[in-house]
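Here's a quick walk through one fold, written for someone who'd rather look at the model than read a validation table. Have the viewer open as you go.

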Amino acid sequence: MSEPLRVLMVEDQADLRELIGTALRDFGIDVQTAEDGHDAVKKIAEFADFDIVFSDVNMPNNMTGLELSEHVAAVLPNARMILSSGYARSQLPALPDNVEFLAKPYRLPHLIKLIRSPE
């Protein structure tokens with residue numbers, strides 16, 4: 001049996017972070033959560049073996065999802081980066097090539113399918 005996917009989910013809303021984290025775990029995904037980009041950087045330094053980092057584009061505390069994606073590309077070059085936003089992709093700055101986009105609102109099955117799909 002293969003190892004479960006290791007996902008770092010970055011979400012500033014505590015209730016949403018808990019809800020999605022629990023749902024992903026229920027689907028057999030190993031999830032760590034972070035409350036903002038700075039917390040995510042700490043978790044990456046601590047665990048350093050995430051398969052996927054999933055974050056909102058707009059995050060509090062002076063680190064956007066785009067800035068986090070640059071950090072992920074530098075320190076976890078084999079990890080996938082998924083950014084989500086309620087804004088249309090055309091309303092966002094250009095996303096780096098290594099970033100996958102998930103429009104909000106999304107349904108849990110769509111998120112699960114994206115996480116489990118190969119690049």
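What follows looks at one strand and its partners, then at one residue beside it, then at a helix. Keep in mind that this is a predicted model.

**Strand β4 and its partners**

Let's start with β4, which covers residues 80-85. Is this strand enclosed by the rest of the structure or open? All 6 of its 6 residues are buried, so β4 is largely enclosed by the rest of the structure. In a regular strand, side chains alternate between the two faces of the sheet. You can see that pattern here: Arg80, Ile82 and Ser84 point one way, while Met81, Leu83 and Ser85 point the other way, and all of them are buried.

β4 pairs with β3 and with β5, as the table sets out.

| Partner of β4 | Residues | Sense | Bridges |
|---|---|---|---|
| β3 | residues 52-56 | parallel | 5 bridges |
| β5 | residues 99-103 | parallel | 5 bridges |

To find your way around on screen, use two cross-strand pairs. Phe54 stands opposite Ile82 of β4, and Ser84 stands opposite Leu102 of β5. Helix α3 (residues 65-75) also belongs in this picture, since β3, α3 and β4 make a right-handed β-α-β unit.

**Ser55, next door in β3**

Ser55 is part of strand β3. How buried is Ser55? Its relative accessible area is 1%, and buried means under 20%, so Ser55 counts as buried. Setting aside neighbours within four places in sequence, Ser55 touches Met81, Ile82, Leu83 and Ser84, and its contacts also include Val10, Gly65 and Leu68.

**Helix α1**

Now scroll back to α1, residues 14-26. This helix has 13 residues and reaches 18 Å from its first C-alpha to its last, close to the 18 Å expected at 1.5 Å a residue.

Which residues of α1 are buried? They are Arg17, Ile20, Gly21, Ala23 and Leu24. Viewed down the axis of α1, the buried residues fall within an arc of 165°, so they line one face of the helix. The general geometry is handy here: an α-helix has 3.6 residues a turn, so residues three or four places apart point the same way.

The cover over the buried residues of α1 includes β1 (6-10), β2 (30-34) and α4 (108-116). On the other side of α1, Asp15, Glu18, Leu19 and Asp26 are exposed. Yes, a leucine is in that exposed set: it's Leu19. After α1 comes Gly28, which has a positive phi, near 80°.

How values were computed:
Residues numbered from 1 in each chain as written. Predicted model: local features only at pLDDT ≥ 70, side-chain atom pairs only at ≥ 80, totals over all residues. Heavy atoms only, no water. Buried < 20%, exposed > 50% of the residue type's maximum accessible area, 1.4 Å probe, protein only. Helix = DSSP H or I, 4+ residues; strand = E, 2+ residues; numbered from the N terminus. Pairing = 2+ DSSP bridges. Right-handed = clockwise from strand over helix to strand, strands pointing away. Expected span 1.5 Å × (residues − 1). Arc of directions from axis to C-beta. Contact = heavy atoms within 4.5 Å.
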